[in-house]
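Biologist: Could you take me through this structure step by step? I would like to begin with how its parts are named.

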Amino acid sequence: MPDPRTDHPAVPRAALTNALDTLLQPTQFKDYGPNGLQVEGRAEVHKLVSGVTASRALIEAAVKEGADAILVHHGLFWRGQDGRVTGWMKQRLALLLAHDINLLAYHLPLDAHPELGNNAQLARQLGVAVYADARGRFGEQALGFMGERRSESAAALADHVARCLGRAVTLVAEPDRQVRHVALCTGGAQGYFEAAIAAGADVFITGEISEPQAHYARECGVAYIACGHHASERYGAPAVGAHVAAQLGLAHVFIDIDNPA
């Protein structure tokens, strides 16, 4: 029976890693864990799978797809975590090593890419035109994006976000408040809200909300929309994966493992 992996040209693992590093420039970021190749697999890559998080479910799906490499936003290793290989960590590593699959992870670099990253792709999904000048970025390491969408009420924008992402969102705002200048930073970026307010946002869109942000929204008159960590970060990995796969002639598949968080 033919191997579906060999139906596509192979490239060296180093070529894939170099292409991703060149595109995403990880050395420019102070991050919470290692970016790039986290687990070494086979030396040649035919097929790339992209996903949001290196969960066991994603790895199992990648095995079924015949993947040689997996590209994710959330990798396996984070600063300050328990370094022992037990439980869920053992299970994930065992799958990767047993099937000789490379795992590549890019965290903040995947958020920040101006065209293919999570923030840029979320803005595209929501119809937010990111400002091309200095107004277009804000916050620590310039990770926040700012742009414009036709003026509408905060409630109407929240409904639009919910429709685009296919999930309920949390809105903290006067429903009829008009919003035009849209700040966004995907994932767990609630700490960027104050920087978004200072940058002149009418509304801030991110994945999560913590207790203080509800008060800031009410007191500062800036709307806050929390649309889910996973839901806000579903778009960068497939965009980067498709781009690099086309560049190198690889097969590419995005696998979305649903997550309510």
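Modeller: Helices, of at least four residues, and strands, of at least two, are DSSP runs numbered from the N terminus. Please keep in mind that this is a predicted model.

Biologist: Thank you. With those names in hand, where is Arg234 placed?

Modeller: Arg234 lies in the loop between helix H9 (229–232) and helix H10 (236–248).

Biologist: Is Arg234 buried or exposed?

Modeller: The relative accessible area of Arg234 is 16%. Buried means under 20%, so Arg234 counts as buried.

Biologist: Which residues is it in contact with, leaving aside neighbours within four places in sequence?

Modeller: Arg234 is then in contact with Val52, Leu165, Phe254 and Asp256. With Leu165 there is also a specific atom to name: the side chain of Arg234 reaches the backbone oxygen of Leu165 at 2.7 Å.

Biologist: And how are Arg234 and Gln121 separated?

Modeller: They are 113 residues apart along the chain, while their C-alpha atoms are separated by 8.9 Å.

Biologist: Gln121 is in H5, then. Why is helix H5 described as largely enclosed?

Modeller: Helix H5 covers residues 118–126, and 7 of its 9 residues are buried, so the rest of the structure largely encloses it. Gln121 is one of the buried residues, and others include Asn118, Leu122 and Leu126. Just after H5 comes Gly127, which takes a positive phi of about 75°.

Biologist: Let us change topic to Arg92. Which helix holds it?

Modeller: Arg92 is in helix H3, residues 87–98.

Biologist: What is the nearest side chain of opposite charge to Arg92?

Modeller: That is Glu60, 9.7 Å away; Arg92 is buried yet has no salt bridge. The side chain of Arg92 does reach the backbone oxygen of Ala54, at 3.1 Å. Not counting residues up to four places away in sequence, Arg92 touches Ala54, Ser55, Arg56, Ile59 and Leu76.

Biologist: One last topic, the empty spaces. How much space lies in the largest pocket?

Modeller: About 280 Å³. Its lining has 17 residues, and those nearest the centre are Tyr32, His107, Leu108, Asp111 and Gly188. Strand E5 (69–74) and helix H4 (108–112) each supply at least two residues of that lining.

Biologist: How many cavities of 30 Å³ or more are there?

Modeller: The structure holds 1 such cavity, and the space in the largest cavity is about 50 Å³. It is lined by 13 residues, with Pro34, Gln38, Phe77, Trp78 and His107 closest to its centre.

Technical notes: Residues are numbered from 1 along each chain as its sequence is written. This is a predicted model: local features need pLDDT of at least 70, side-chain atom pairs count only at pLDDT 80 or more; totals for chains, interfaces and linings use all residues. Side-chain values use heavy atoms; hydrogens and water are left out. Buried means under 20% relative accessible area, exposed over 50%, partly exposed in between (1.4 Å probe, protein chains only). Lys and Arg count as positive and Asp and Glu as negative; His and the chain ends are not counted. A salt bridge is a side-chain nitrogen of Lys or Arg within 4 Å of a carboxyl oxygen of Asp or Glu. A polar contact is a pair of N or O atoms within 3.5 Å; within protein, one must be able to donate a hydrogen and the other to accept it, and residues adjacent in sequence count only if both atoms are side-chain atoms. Contact means heavy atoms within 4.5 Å. On a 1 Å grid over the protein atoms alone, a cavity is a set of points where a 1.4 Å probe fits but cannot get out, and a pocket is an open set with protein on both sides within 12 Å along at least five of seven lines; lining residues have an atom within 4 Å of a point. Grid points are joined across faces, edges and corners, and a volume is the space filled by probe spheres set on the points.
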